[in-house]
Amino acid sequence: MNNENTALAQDERLRSFEEYVGEGKAIEPRDWMPEGYRSHLIRQISQHAHSEVIGMQPEGNWITRAPSIRAKQILLAKIQDEGGHGLYLYSAAETLGISREEMLEQLQTGKAKYSNIFNYPSLTWADIGAIGWLVDGAAIVNQVSLQRTSYGPYSRAMVRICKEESFHQRQGYEIMANMMKGTPEQREMAQDAMNRWWWPSLMMFGPHDGDSPHSADAFRWKIKRHSNDELRQKFIDKTVQQAEVIGLTIPDADLKWNEETGHYDHGEINWDEFYRVIKGNGPLNKQRIAHHIKAHEEGAWVREAAQAYKQKQAQKYN
Ligand code: FAQ
């Protein structure tokens, strides 16, 4: 085929790919896909996986200090779930032709991002409530929308992950609700956690739609079904009501119900802080990556043992 014909065939493939996703059909690993679609998904899914795994750190910090055995059991189960979510997502990304080692190398060298939110410290037990309620709450809003994303393995991983996240969100809300029924000091602690986690949680949805460079492709290829701002608004509308029920105040003087739009108007996010954090200069970025590298190195013997066992089994059955 000459160059012109090859280009025509390529255009035709792209056209039928876009028509196919346009009809709401799922793309599977062996289907043809444009390179841009593949690399877009590798970036997003691997960053999502890294977020789940790095997200274990702020909560892991409180396992030994949970205030009861019940609270400790629940927290342990939640953190284990987050590790599991990371694994489904790494597996989904691997179907696109990147290895787990490459993804981890990109994380550890700062080439791949993970959610801004996990660069903030968990200072008190109320922070564990705020993470479950606000961070998992924000993650659910985003992930429910991703259940209908066009890439089959990603969308299927989201279905299972959302079921588990809704349990996580409730455990966080329960912690906050109980603290708000407690002593003045406990109520103050809950409000302080709310004040520190609210704005970074809103940042989780990414930049405003007009400043989101990846959104155009994401919509064209049905990777995203709702925009960053639409999902952020959805999260705000439902969370304000939950805060009111337990007596917490949202730390935003501009927050106001808008009769006309049927949504809450809200104050502006500090985007300088967002970009500073996602570029690696948040309060704990360096510590989070250093801890990941340490844990990864200390776990090398487990990977070697698993590899050796796999080879032994292969020899036995070949
Ligand atoms: N943090 O053009 P856009 C969880 C980057 S899971 C850091 O709008 P896109 C569970 C973005 O990567 C939480 N970076 O990008 C849990 C891009 O930079 P790049 C994770 C961010 O992809 C709970 C640049 O800004 N969830 O929490 C962030 O269209 C508790 C331009 O942005 C997911 O990852 C951010 N928040 O939209 C675990 C969901 N936002 O890559 C443990 C899947 C944007 O060019 C404990 N991801 N950036 O270098 C998505 O839906 C999308 O990727 C968005 C961003 C919405 C995050």
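Start by selecting Lys222, which sits in the loop between α9 (215-220) and α10 (228-246). Keep in mind that you're looking at a predicted model. Lys222 is partly exposed, with a relative accessible area of 23%. Its backbone is worth a click too: phi of Lys222 is near 60°, a positive value in a residue other than glycine.

**Next stop: Thr149**

From Lys222, hop across to Thr149. The two are in contact, and Thr149 also touches Tyr154, Ser155 and Ile223, leaving out residues up to four places away in sequence. You'll find Thr149 in the loop between α6 and α7 (152-180). Is Thr149 buried or exposed? Its relative accessibility is 4%, so Thr149 counts as buried.

**Along α6, towards α10**

Now select helix α6, residues 125-146, and add α10, residues 228-246. The axes of α6 and α10 are 10 Å apart, and the helices pack at an angle of about 140°. That angle falls short of the over-145 range for roughly antiparallel, so α6 and α10 count as oblique to each other. Look at the handedness as well: α6 passes α10 in a right-handed crossing. To see the contact itself, show the side chains of Trp133, Leu134, Gly137, Ala138, Val141, Asn142 and Ser145 on α6, then those of Leu231, Lys234, Phe235, Lys238, Thr239, Gln242 and Ala243 on α10. Colour these residues by class and you get 7 nonpolar, 5 polar and 2 charged.

**Still on α6, now towards α8**

Keep α6 selected, hide α10 and bring in α8, residues 184-203. How do the axes of α6 and α8 cross? They come within 9 Å and cross at roughly 30°, and α6 and α8 are therefore roughly parallel to each other. This crossing is right-handed. On the α6 side, pick out Ala126, Asp127, Ala130, Ile131, Trp133, Leu134, Val135 and Ala138; they meet Met189, Ala190, Ala193, Met194, Arg196, Trp197, Trp198 and Ser201 of α8. By class, the contact of α6 with α8 has 13 nonpolar residues, 1 polar and 2 charged. Trp133 is one of the α6 residues to watch, since you can find it in the contact with α8 and in the contact with α10.

**A proline in α8**

Stay with α8 and click on Pro200, which is found in that helix. With a relative accessibility of 3%, Pro200 counts as buried. Which residues surround it? Setting aside neighbours within four places in sequence, Pro200 is in contact with Asn116, Ile117, Tyr120 and Glu273. For a sense of scale, draw a C-alpha to C-alpha distance from Pro200 to Pro213: the two are 13 residues apart in sequence and 20 Å apart in space.

**A side trip to Thr249**

Thr249 lies in the loop between α10 and β1 (256-258). Beyond its neighbours within four places in sequence, Thr249 is in contact with Gln191, Met194 and Asn195. You've already met Met194, in the contact of α8 with α6. Then try another distance, from Thr249 to Glu101: they are 148 residues apart in sequence, and their C-alpha atoms are 44 Å apart.

**Over to α2 and α4**

For the last pair, select helix α2 (residues 35-54) and helix α4 (residues 69-94). Their axes come within 8 Å and cross at roughly 160°, so α2 and α4 are roughly antiparallel to each other. Here α2 passes α4 in a left-handed crossing. Show Ile45, Ser46, His48, Ala49, His50, Glu52 and Val53 in α2, which meet Glu82, His85, Gly86, Leu89, Tyr90, Ala92 and Ala93 in α4. This contact has 7 nonpolar, 5 polar and 2 charged residues.

Take a moment with α2 alone. At 1.5 Å a residue, its 20 residues should span 28 Å, and its end C-alpha atoms are 28 Å apart, which agrees. How many residues of α2 are buried? The count is 14 of the 20, so α2 is largely enclosed by the rest of the structure.

**Last click: Glu82**

Finish on Glu82, which lies in helix α4. At 5% relative accessibility, Glu82 counts as buried. Not counting residues up to four places away in sequence, Glu82 touches Glu52, Met56, Glu59, Asp136, Glu165 and His168. Among them, Glu52 belongs to α2.

How values were computed: Residues are numbered from 1 along each chain as its sequence is written. This is a predicted model: local features need pLDDT of at least 70, side-chain atom pairs count only at pLDDT 80 or more; totals for chains, interfaces and linings use all residues. Side-chain values use heavy atoms; hydrogens and water are left out. Axes are lines fitted to C-alpha atoms, for helices over the stretch in contact, and angles run from 0 to 180 degrees between N-to-C directions. Helices (H or I, at least four residues) and strands (E, at least two) are DSSP runs, numbered from the N terminus. Angles under 35 degrees count as roughly parallel, over 145 as roughly antiparallel, 65 to 115 as roughly perpendicular and the rest as oblique. A crossing is left-handed if the near helix is turned anticlockwise from the far one by less than a right angle, and right-handed if clockwise. Contact means heavy atoms within 4.5 Å. Ala, Val, Leu, Ile, Met, Phe, Trp, Tyr, Cys and Pro count as nonpolar, Asp, Glu, Lys and Arg as charged, and the others, Gly among them, as polar. The expected span of a helix is 1.5 Å times one less than its number of residues. Buried means under 20% relative accessible area, exposed over 50%, partly exposed in between (1.4 Å probe, protein chains only).
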